Amino acid sequence: HSHHRSPAPRAPAGMSTFGTLFRVSTFGESHGVGVGAIVDGVPPGMKLTEEDIQPQLTRRRPGQSTLTTQRDEADTVTILSGTEAGVTLGTSIGLLVKNKDQRKFDYASTQVAPRPGHADYTYQVKYGVRASSGGGRASARETIGRVAAGAIAEKWLEETYGTKVVAWVSGVQDVDLPEDVAAALEAHPPTRAQVDSDGSLSEYSNCFTDPKGGVYDADTGEKTTVKPEGEGKPAHTRCPDFATAAKMAARMRALRIAHDSTGGIITCVISNAPIGLGEPCFDKLEADLAKAMMSLPATKAFEIGAGFKACRMKGSEHNDRFVEACANEQGGTKVLRCATNNAGGTLGGISTGHHIVMRIGIKPASSISTSQDTVTFNGEPHSLSTKGRHDPCVLPRAPPLVEGMAALVIADAAMRQRARAGEARLQVLPENGPAAKKARTA
């Protein structure tokens, strides 16, 4: 009789575990000893040191900018296991980041009353106990383990398939990238270095400046001719378009002064993803990506491709026509290219090789320094003000979180497809077909 390869066992209800073959378990509370992850399924023989993981942790780190929280955490990662002499062994990789800056008194008033918009109330009801400060597992500090694990996943993806994952801020409150700029970035995604540099401004007491000499009004973000006053401090927006970045920075500055917060949108593009990833029906690629993104703290919305705009289109507009066949590196079935990418890189929940384009909506940070009327855990009226250092907008720190989760999903899906199809290298859509050249010159 034939031997069926049984599907990989699902992790038992592992509330802190993500993935099937490339599997990550995270641990740690915001104000405990440290946070980290155990990563299973990393192939042996891959070069890996802390230097491969640290850059993404540094990008999500607080204290980088006037626009985000000033908690100063070093966020230095240590690899505890799974490598020797800078090469992976194929065994589980243990990652640890110690917490340094623990200001428990900042959260003292939250013992009496649940903070509006926070998880204090639901954690108390569910577990009958809660972390005494800073949100515990509901804190964004929990994301460090995912970002570190994601950095390993994307290194494997890039070395194996040339896959790249990049995310940027495309909206803050009602300030959005202009449609033509947004479309151009999605079609030809910037590098992470470009996202960082083209979204970096200097904040002065009366204006913002960009590295190319542009000056923008401190209150509106519109171009101006004033002379910068005082000393410039870094303001990272991670929006790779100076004109839009300046408007976002002005909006965040106004909210910081008002002790309030706002949300926004992150766009993420995965390029050179292998064709054929995704496991219908319940682990379709966009289903796994949506779960990954919605498991991040403060996420409220997910869309792929044309997303909600697709709901208002006609089929004749939305269908991505197949326009050409490209040679298959291994022979066999040719791979096809489409004229457009309204689908956002999948059909039937399976990757097509085109850019996987997602947008993730993030709510306003719940911690605001203005006084809020609430009630205590016993229902008595209470006025709560959250001391501590809080982001007027978490968006500039969010790209590494989105990139990390995207990489975990794609790496796991690629391993599942390899398990089905054998070791044969999965196909990637060639970047230099005639239609690709035409699209680039159009």
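Q: How do I read how covered a residue is, say with Y123: what is its relative accessible area?
A: Y123 has a relative accessible area of 27%, so it is partly exposed. The cut-offs are under 20% relative accessible area for buried, over 50% for exposed, and partly exposed in between (1.4 Å probe, protein chains only). Before we go on, this is a predicted model, where local features need pLDDT of at least 70 and side-chain atom pairs count only at pLDDT 80 or more, while totals for chains, interfaces and linings use all residues. Residues are numbered from 1 along each chain as its sequence is written, and side-chain values use heavy atoms, with hydrogens and water left out.

Q: What is pLDDT, and what does the chain average?
A: It's the predictor's confidence in each residue, from 0 to 100. Here the chain averages a pLDDT of 88, and 86% of the residues score at least 70. Over residues 437-442, though, the pLDDT is below 50, and this stretch has four contacts in the model beyond near neighbours in sequence. Contact means heavy atoms within 4.5 Å.

Q: How is a pair of aromatic rings described?
A: You give the distance of the centres and the angle of the planes. Rings of Phe, Tyr and Trp (its six-membered ring) pair if their centres lie within 6.5 Å; planes under 30 degrees apart count as stacked, over 60 as edge-to-face, and the rest as tilted. In this structure that rule gives two aromatic pairs. One joins Y123 and Y127, whose rings are 5.5 Å apart centre to centre with 50° between the planes, so the pair is tilted. The other is formed by W156 and Y161: 5.8 Å centre to centre, 90° between the planes, edge-to-face.

Q: Where do Y123 and Y127 lie?
A: Both are in helix α2 (residues 120-127), four residues apart, which is about one turn of the helix. Helices (H or I, at least four residues) and strands (E, at least two) are DSSP runs, numbered from the N terminus. Y127 has another partner too: the charged end of K126 sits over its ring, 5.6 Å from the centre. That label applies if NZ of Lys or CZ of Arg is within 6 Å of the ring centre and within 35 degrees of the ring normal.

Q: Are W156 and Y161 buried or exposed?
A: W156 counts as buried because its relative accessibility is 6%. Y161 is buried as well, with a relative accessible area of 3%.

Q: Now the whole chain: how many helices and strands are there?
A: There are 10 helices and 22 strands. Of the 442 residues in the chain, 51% are buried. The chain's accessible surface is about 20,800 Å², and carbon and sulfur atoms hold 55% of that. Such areas come from the Shrake-Rupley method with a 1.4 Å probe; for residues, only the protein chains shown count as cover. As for contacts with a separation of 6 or more, 73% involve residues 24 or more positions apart.

Q: Which residues touch the most other members in the largest nonpolar core?
A: In soluble globular proteins, nonpolar side chains tend to be buried together. A nonpolar core is a set of buried Ala, Val, Leu, Ile, Met, Phe, Trp, Tyr and Cys residues joined through side-chain atoms within 4.5 Å. The largest one here has 84 residues, and F22, I53, I152 and M358 touch the most other members. Helix α9 (residues 399-421) gives the largest share of this core, 12 residues. Leaving aside neighbours within four places in sequence, F22 is in contact with residues including I152, L408, A411 and M415.

Q: What is A414 in contact with, leaving aside its neighbours within four places in sequence?
A: Its contacts are W156, Y161, L277 and L426. A414 lies in helix α9, and it counts as buried because its relative accessibility is 0%. A414 and L157 are 257 residues apart in sequence, yet 8.6 Å apart in space, C-alpha to C-alpha.

Q: Where does R359 lie?
A: It is in strand β20 (residues 356-362). R359 is buried, with a relative accessible area of 16%. Beyond residues up to four places away in sequence, R359 touches several others, among them E186, A301 and E303.

Q: Which residue has a positive phi of about 50° although it is not a glycine?
A: Most residues other than glycine have a negative phi, and most peptide bonds are trans. A85 has that positive phi of about 50°; A85 lies in the loop between β5 (83-84) and β6 (87-88). A85 is exposed, with a relative accessible area of 81%. N272 has a positive phi of about 60°. As for peptide bonds, the one from P280 to C281 is cis, with omega near 5°.
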